[in-house]
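Here is a quick walk through one model, from its enclosed voids to its metal site and a few of its strands. Have the coordinates open as you read.

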Amino acid sequence: MTKIGLEIHCQLTKLESKLFCPCKADYREFEPNTNICPVCMGIPGSLPLLNKKAVEKATLIAMALDCKTPNKIAFFRKNYFYPDLPKNFQITQLNAYGNTSIGWEGKISVEDKEIKIRRIQLEEDPGRLIYEGATEKTKLTLVDYNRAGTPLVEIVTEPDFETPHQVREFLNILSDLLENLNVSDPGLEGAMRADANVSIEGGSKVEIKNIGSFHDLEKAVHFEITRQQSLAERKIEIIQETRHWDDGRKITVSARTKEEEAEYRYHLEADIPWVRINDNTKNQLRAQMPESISSKKERYVSKYGITSQVAGILSSDRYFSELFEKANNETNAKDIANMITTDIMGLLDTREKREMSKLEGDHISDLVEYIKSNKITRASAKLALDEVIKNGKQLSEIIEDLDLGHVSDEATLSDIITEVLDEEVKAVEDAKQNPDIVNFLVGKVMQKTHGKADPELTLTLLKKNLGL
Ligand SMILES: [Zn+2]
């Protein structure tokens with residue numbers, strides 16, 4: 001049987017500062033090696049000070065993943081020598097010597113399958129190595145320590161996955177969950193990274209590292225299963241090793257044989273005192289926990305009659321569910337939800353567009369109301385949305401500025417219809433035999449009014465004119 005386990009590293013991007021120093025947690029805007037201080041650079045004599053908010057956010061994740069949570073935590077030094085780690089040790093956690101990390105023995109459901117979470121730990125991110133060219137052939141490696149010390153949560157699953165597809169689904173669910181908890185923005189480059197371990201019946205465990213995206217992870221796992229199966233068929237031993245994903249060639253390549261846990265010479269980080277997380281703190285955190293995606297979905301369906309599919313799309317996206325909550329005035333909930341999922345999601349499909357957008361909840365509820373009361377057509381509503389997103393003006397103002405108001409004035413419409421009937425002599429003849437042709441004529445009237453003609457009135461007037 002194929003067994004796949006994951007090790008996910010997720011940055012707590014919603015925090016202000018790094019895990020043990022006041023440097024910015026958001027290092028992405030900085031010039032290389034400018035978001036650093038003696039603490040995150042490990043200068044002798046400097047002392048770490050634990051970011052309390054990081055402990056709280058990590059505890060929230062542990063709770064949301066149904067983990068057991070400790071009453072006190074300690075930190076450990078994991079010693080290793082690598083250029084991305086200026087201190088030569090990483091401050092992390094360890095489930096040993098009577099200590100536990102911030103969470104353990106949790107679970108998460110993926111397509112009716114329960115994936116067990118082995119542990120969650122809070123640790124610091126190392127710096128970043130930037131290779132010039134391909135990893136194996138690089139002549140030059142650059143080091144940027146801006147990321148060193150960024151708060152990171154490591155989530156380790158049991159090897160419960162059986163297919164690459166389950167892996168992908170799990171990562172999507174986890175990423176939505178972290179976003180919903182407001183602890184991380186998984187869409188940011190490098191904010192969520194995952195390694196996988198893969199083994200097939202009778203073979204050793206192989207770790208795959210260096211995977212850039214969830215999409216690539218699915219491909220890497222798929223490749224690795226096929227590679228191992230082909231070795232097994234040829235009776236070649238599958239050795240325990242770490243392999244890298246080569247993005248260019250879309251294959252995994254051998255990197256090194258597995259280091260043993262003992263080589264890290266873990267020992268207690270004596271510069272950080274024990275941290276107590278008492279029941280009171282846990283209760284307070286639980287009370288702050290946002291509504292879960294599944295209960296949000298259930299509420300949208302049961303309270304507002306939104307279809308399960310639309311409710312699912314809406315509830316799993318933090319930005320759009322917040323927009324829905326703001327727009328929802330209880331009367332048009334279903335139409336508002338539909339407008340967000342059919343029109344607005346397409347218009348705001350990137351982070352940049354969402355950040356620039358001036359669209360507020362009121363705009364959406366107003367627009368739905370305008371459509372319902374026939375003041376604007378659906379086609380014009382899309383133009384209005386485009387405009388609101390750009391400038392945030394009141395809807396009434398935009399409709400006037402762009403002249404988007406419905407043409408429902410009978411005299412005006414009659415004039416346009418007469419024009420169309422004069423131009424479309426053949427269609428007029430055909431329409432008398434085939435009533436479907438009337439819709440073609442409605443379309444012509446729409447064209448002339450730039451989609452603003454009241455469709456029902458147009459149809460009625462056309463039929464009257466044609467004697468139908
Ligand atoms: Zn620092």
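## Cavities, zinc and strands

Let's start with the empty space: the count comes to two cavities of 30 Å³ or more. Keep in mind that this is a predicted model. The table puts the two cavities and the second largest pocket side by side.

| Space | Volume | Lining by class |
|---|---|---|
| Largest cavity | about 40 Å³ | six nonpolar, one polar and three charged residues |
| Second largest cavity | about 30 Å³ | four nonpolar, one polar and two charged residues |
| Second largest pocket | about 600 Å³ | ten nonpolar, seven polar and seven charged residues |

Who lines what? Around the largest cavity you'll find Cys40, Leu85, Pro86, Lys87, Phe89, Glu124, Asp125, Pro126, Ala148 and Gly149. The second largest cavity has a lining made of Phe20, Cys21, Val39, Cys40, Lys87, Glu124 and Gly149. Cys40, Lys87, Glu124 and Gly149 appear in both linings.

The second largest pocket takes 24 residues to line, and Ile173, Leu177, Ser292, Ile293 and Ser294 are the ones nearest its centre. Strand E5 (103-110), helix H2 (164-180), helix H5 (293-304) and helix H6 (308-315) each give two or more residues to that lining.

### The zinc site

Two cysteines from the cavity linings, Cys21 and Cys40, turn up again as zinc ligands. Which atoms hold the zinc ion? The SG atoms of Cys21, Cys23, Cys37 and Cys40 do, at 2.3 to 2.4 Å. Along the chain, these donors follow the spacing C-x1-C-x13-C-x2-C.

The angles among the four donor atoms run from 102 to 113°, and the site is tetrahedral. For reference, the ideal angle for four tetrahedral donors is 109.5 degrees.

Are cysteine 37 and cysteine 40 buried or exposed? Buried means under 20% relative accessible area. Cysteine 37 is at 17%, so it counts as buried, and cysteine 40 is buried as well, at 4%.

### A small open sheet

Next up is an open sheet of three strands, ordered E4-E3-E14 and paired antiparallel. Strand E4 (89-92) and strand E14 (267-268) are its edges, each pairing on one side only.

On one side, strand E3 (residues 76-79) is joined to E14 by two bridges, with phenylalanine 76 standing opposite leucine 268 of E14. On the other, E3 and E4 pair over four bridges, again antiparallel; here arginine 77 has isoleucine 91 of E4 as its bridge partner.

In a regular strand, side chains alternate between the two faces of the sheet. E4 shows Phe89 and Ile91 pointing one way and Gln90 and Thr92 the other, and all of them are buried. Phe89 also belongs to the lining of the largest cavity.

### Three strands further along

E11 (residues 206-209) has partners in both E10 and E12. Strand E10 (residues 192-199) pairs with E11 antiparallel over three bridges, and alanine 196 has isoleucine 208 of E11 as its bridge partner. The hairpin of E10 and E11 has six residues between the strands, and glycine 202 in that hairpin takes a positive phi near 80°.

Toward strand E12 (residues 241-246), the arrangement is parallel, with four bridges joining it to E11. Glutamate 207 stands opposite threonine 242 there. Within E11, Val206 and Ile208 point one way, Glu207 and Lys209 the other, and all are buried.

### Positive phi in two loops

Most residues other than glycine have a negative phi. Which way does phi go at tyrosine 97, positive or negative? It is positive, near 50°. Tyrosine 97 is in the loop between E4 and E5, and at 64% relative accessibility it counts as exposed.

Aspartate 112 is another non-glycine with a positive phi, about 65°. You'll find aspartate 112 in the loop between E5 and strand E6 (113-124). Exposed means over 50% relative accessible area, so aspartate 112, at 84%, counts as exposed.

Key:
Residues are numbered from 1 along each chain as its sequence is written. This is a predicted model: local features need pLDDT of at least 70, side-chain atom pairs count only at pLDDT 80 or more; totals for chains, interfaces and linings use all residues. Side-chain values use heavy atoms; hydrogens and water are left out. On a 1 Å grid over the protein atoms alone, a cavity is a set of points where a 1.4 Å probe fits but cannot get out, and a pocket is an open set with protein on both sides within 12 Å along at least five of seven lines; lining residues have an atom within 4 Å of a point. Grid points are joined across faces, edges and corners, and a volume is the space filled by probe spheres set on the points. Ala, Val, Leu, Ile, Met, Phe, Trp, Tyr, Cys and Pro count as nonpolar, Asp, Glu, Lys and Arg as charged, and the others, Gly among them, as polar. Donors are N, O and S atoms within 2.8 Å of the metal (3.2 Å for Na, K and Ca); water is not among the atoms, so sites may look incomplete. Four donors count as tetrahedral if all angles lie between 85 and 135 degrees; four count as square planar and six as octahedral if opposite donors are over 155 degrees apart and all others between 65 and 115; anything else is irregular. Buried means under 20% relative accessible area, exposed over 50%, partly exposed in between (1.4 Å probe, protein chains only). Two strands pair if DSSP finds at least two bridges between them.
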